[in-house]
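Subject: Structure handover

Hello,

Here is the structure for you to look over. My notes on the side chains follow it.

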Amino acid sequence: MAILTIILLVSTAFALGDTMIRPKTPCEVARDAVPHGLVGAYIPTCDAAGQYTPEQCWGSTGYCWCVNSSGQKIPGTETPPGTARIICSTQNGAIRPKTPCEDARDAVPHGPIGAYIPTCDAAGQYTPKQCWGSTGYCWCVNSSGQKIPGTESPPGTARIICSTQSK
C-alpha cells in the first residue's frame, strides 16, 4: 500500500510539473468577467504573463487607446476607427500622446469628400505647407498650424516654399 501511495504522489507531482496554477491577474479577471456571447462588449486583452497589453481596442468598433500597467486609459491616446493608431509602447516605455496636429487631423469625419485634412510630420507636428487636397489650394502655417498671411497658393499658380516663410 505504501508503494502505491508513493507512486501516486510521484506521478501527480510529475504530471503537475512546473504548471502550478497561479492566481489570475487583474487583466485576466476583467477579461474573463465579460459574458461570452455578449455582442459588442469590450474585452480587455492580456499578454502571456496576464498583464494588460499597452494597446486596448474595442473589437466591435475599432476604437483603440493606450493603457498603463493597471489597465487605466492614458488621456490623449484615443484613436477613432479609421485613423492612424498611436504606438502605445516604445523601446523606452514612453507613450507619446497625440499632438494638436494629430488631434485636428483625426477629428475630420471620414467620408465627406473634399474635406480639408491637416498633414502632420512623423513627430506629429504640422508640416509647413498645408494643402486642401480636393482643390489644390495650399498655404504655409506656423508651428501651431495657423495660416501665415500672404502665403496662399491657388491651384495652377507657383507654389510657395513654406520652410522659408515660417521662420
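**Salt bridges**

R31 counts as partly exposed, because its relative accessibility is 31%, which falls between the 20% and 50% limits. Please keep in mind throughout that this is a predicted model.

R31 forms a salt bridge with D32, with the closest N and O atoms 3.0 Å apart. Salt bridges that share partners join K24, R31 and D32 into one network. The other link in that network runs between the side chains of K24 and D32, at 2.7 Å from N to O. As for accessibility, D32 is partly exposed at 36% relative accessible area, while K24 counts as exposed at 53%.

How many salt bridges does the count give? The count comes to three salt bridges. One of them joins the side chains of E28 and R22, with 2.8 Å from N to O. In this pair E28 is buried, with a relative accessible area of 10%, whereas R22 counts as partly exposed at 40% relative accessibility.

**Aromatic pairs**

A pair of aromatic rings is described by the distance of the centres and the angle of the planes. The count here comes to six aromatic pairs. Among them is the pair of Y42 and W65, whose ring centres are 5.2 Å apart; the planes stand at 55 degrees, so this pair is tilted. Where do the two residues lie? Y42 lies in the loop between α2 (26-33) and β1 (55-58) and W65 in strand β2 (residues 63-66), so the pair ties together parts that are 23 residues apart in sequence. Y42 is partly exposed, with a relative accessible area of 22%, and W65 is buried, at 7%.

The rings of Y116 and W132 also form a tilted pair, because their planes are at 40 degrees, and their centres lie 5.8 Å apart. Y116 is in the loop between α3 (100-107) and β3 (129-132), and W132 is in strand β3, so this pair connects parts that are 16 residues apart in sequence. Both residues count as partly exposed: Y116 has a relative accessibility of 23% and W132 has one of 33%.

Y42 and W65 also belong to one aromatic cluster, which is formed by Y42, W58, Y63 and W65.

**Lysines over rings**

W65 has a further partner in K73, which lies over the face of the ring at 5.1 Å from its centre. A second lysine, K147, lies over the face of W139, and here the distance to the ring centre is 5.2 Å.

**C64**

Is C64 buried or exposed? C64 is buried, because its relative accessible area is 1%, and the limit for that class is under 20%. C64 lies in strand β2, the strand that also holds W65.

Which residues does C64 touch, leaving aside those up to four places away in sequence? The contacts are E55, Q56, C57, T77, E78, T79 and R85. For one of these, T79, there is also a backbone distance: the C-alpha atoms of C64 and T79 are separated by 5.3 Å, and the two residues are 15 residues apart along the chain.

Regards

Methods. Residues numbered from 1 in each chain as written. Predicted model: local features only at pLDDT ≥ 70, side-chain atom pairs only at ≥ 80, totals over all residues. Heavy atoms only, no water. Phe/Tyr/Trp six-rings, centres within 6.5 Å; stacked < 30°, edge-to-face > 60°. Helix = DSSP H or I, 4+ residues; strand = E, 2+ residues; numbered from the N terminus. Buried < 20%, exposed > 50% of the residue type's maximum accessible area, 1.4 Å probe, protein only. Lys NZ or Arg CZ within 6 Å of the ring centre and 35° of its normal. Salt bridge = Lys/Arg side-chain N within 4 Å of Asp/Glu carboxyl O. Contact = heavy atoms within 4.5 Å.
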